[in-house]
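Thanks for sharing this one. Here are a few notes on the empty space inside the protein, to read alongside the coordinates.

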Amino acid sequence: MIRFESVTKKYPDGTVAVDELDLVAPSGEITVFVGPSGCGKTTSLRMINRMIEPTSGRVWLDDRDTASVPSHELRRGIGYVIQHAGLFPHRTILDNVATVPHLLGVDKKAARERAYELLERVGLPSHFAKRYPAQLSGGQQQRVGVARALAADPPVMLMDEPFSAVDPVVREQLQNLFLQLQAELGKTIVFVTHDIDEAIKLGDKVAVLRVGGRLAQLAPPAELLSRPADAFVAGFVGRDRGYRALGFTVAGSLPLQRERTARLGQPLTQAKEHAEDGWVLVADDDEQPQGWLCLDGLADSALATEVAPDMLNLGGTLAVESGTLREALDAALSSPSGRGVVVDEGGRLLGTVTASQVLSRIEQHRSADGSRQGVEAAP
Ligand code: ADP
Ligand code: MG
């Protein structure tokens with residue numbers, strides 16, 4: 001557990017970067033610090049490993065006041081990842097990762113073995129090991145940065161905008177990798193970002209900071225979206241928050257319609273018999289959906305052909321049965337037929353659901369929440 005107790009940082013020029021911060025980042029969880037540029041995120045993070053010393057207040061690591069722990073000893077148990085990975089440019093990828101455990105007294109061979117293992121874990125096959133940082137893409141360098149921070153197996157990880165400098169597709173891959181690793185490792189993580197979507201995706205708890213380093217709200221992501229503490233937080237979490245909040249509600253058993261399917265290679269006349277409102281879903285022999293086929297307005301001559309891949313509309317997203325209301329609604333809204341396709345974990349068709357059916361499920365959740373809040377509010 002990391003605990004900020006009335007922590008203030010005033011820089012020599014008078015800037016108050018952090019103002020009376022009180023906050024707990026629980027063990028084994030991801031706590032995200034989010035807020036606009038200059039609100040004191042980096043300053044707060046660096047006070048945990050004493051790269052910056054507080055002007056007043058204390059930072060506790062479990063039951064130890066960090067001010068009483070020599071900083072080199074403190075940092076041994078704290079991994080640190082920054083935006084541009086901060087790799088040693090003249091050392092190979094392998095040496096970049098192996099250096100830390102080696103410095104901590106692990107023998108060279110064992111340190112290198114551990115480095116190979118970690119590189120593989122972050123998705124970098126062994127042929128990358130001999131390269132130098134400049135020979136890697138930004139996203140690959142960040143993977144090395146994560147591997148290096150994990151090399152000493154520290155219980156605590158501090159991450160300062162580690163995925164901000166890469167393109168959105170790579171960022172999403174890195175975020176997913178990070179969540180996977182954390183599910184296995186269960187580190188105590190403080191993660192800094194200015195991106196509210198990233199905060200909501202990654203955080204077990206999210207601390208929203210405002211300029212001047214004051215805590216505006218600390219809450220799990222769903223609560224931040226549904227109950228922002230004030231106008232600043234509401235503005236910062238932004239539009240679409242009602243829609244995004246659906247991503248935290250498991251859809252549960254939606255009323256599914258049975259959907260009759262057609263097959264590729266089937267005569268169109270036969271496929272047409274299975275169509276409803278002009279659309280039929282094409283699936284493979286394992287009932288995995290392939291796409292929608294529109295049979296409205298086809299000339300009789302066209303009906304003489306067979307169902308071919310290039311006739312399919314691939315517009316609809318698939319919702320997994322165990323997924324969220326957001327996925328279910330998106331499947332319905334994006335489906336060209338208006339019928340959202342729901343599949344099981346193996347990707348096999350279970351049935352379809354319309355947007356209005358998902359919306360009535362959302363309404364049910366709302367009224368259930370409402371009555372719960374009413375009970376809470378009662379004396
Ligand atoms: P963030 O990471 O949220 O963008 P920082 O913690 O880097 O914010 O900075 C918080 C505030 O402190 C900003 O106003 C910044 O300009 C100021 N600041 C940061 N470092 C220093 C410094 N060494 N000296 C003076 N002011 C600083
Ligand atoms: Mg910063």
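**Notes on the internal cavities**

1. Searching the whole structure turns up three cavities of 30 Å³ or more. Please keep in mind that this is a predicted model. As background, rolling a probe the size of a water molecule over the atoms shows where empty space is left.

2. Let's begin with the largest cavity, which holds about 50 Å³ of space. Its lining is made up of Val146, Leu150, Met157, Phe178, Leu181, Gln182, Leu185, Lys187 and Ile189.

3. Which helices each supply at least two residues of that lining? They are α5 (138–150) and α6 (168–185). Of the two, α6 gives the largest share of the lining, with four residues.

4. In character, the lining of the largest cavity is made of seven nonpolar residues, one polar and one charged. The polar one is Gln182 and the charged one is Lys187.

5. Next comes the second largest cavity, with about 40 Å³ of space. You will find Ala251, Leu254, Ala319, Val320, Glu321, Gly323, Thr324, Glu327, Ala328 and Val342 around this space.

6. A strand and a helix each bring at least two residues to the lining of the second largest cavity: β14 (318–320) and α12 (325–334). By class, this lining counts six nonpolar residues, two polar and two charged. Glu321 and Glu327 are the charged pair, while Gly323 and Thr324 are the polar ones.

Terms used
Residues numbered from 1 in each chain as written. Chains lettered and ligands numbered in written order. Predicted model: local features only at pLDDT ≥ 70, side-chain atom pairs only at ≥ 80, totals over all residues. Heavy atoms only, no water. 1 Å grid on protein atoms, 1.4 Å probe; cavity = no way out; pocket = protein on both sides within 12 Å on 5 of 7 lines; lining within 4 Å. Points joined across faces, edges and corners; volume = space filled by probe spheres on them.
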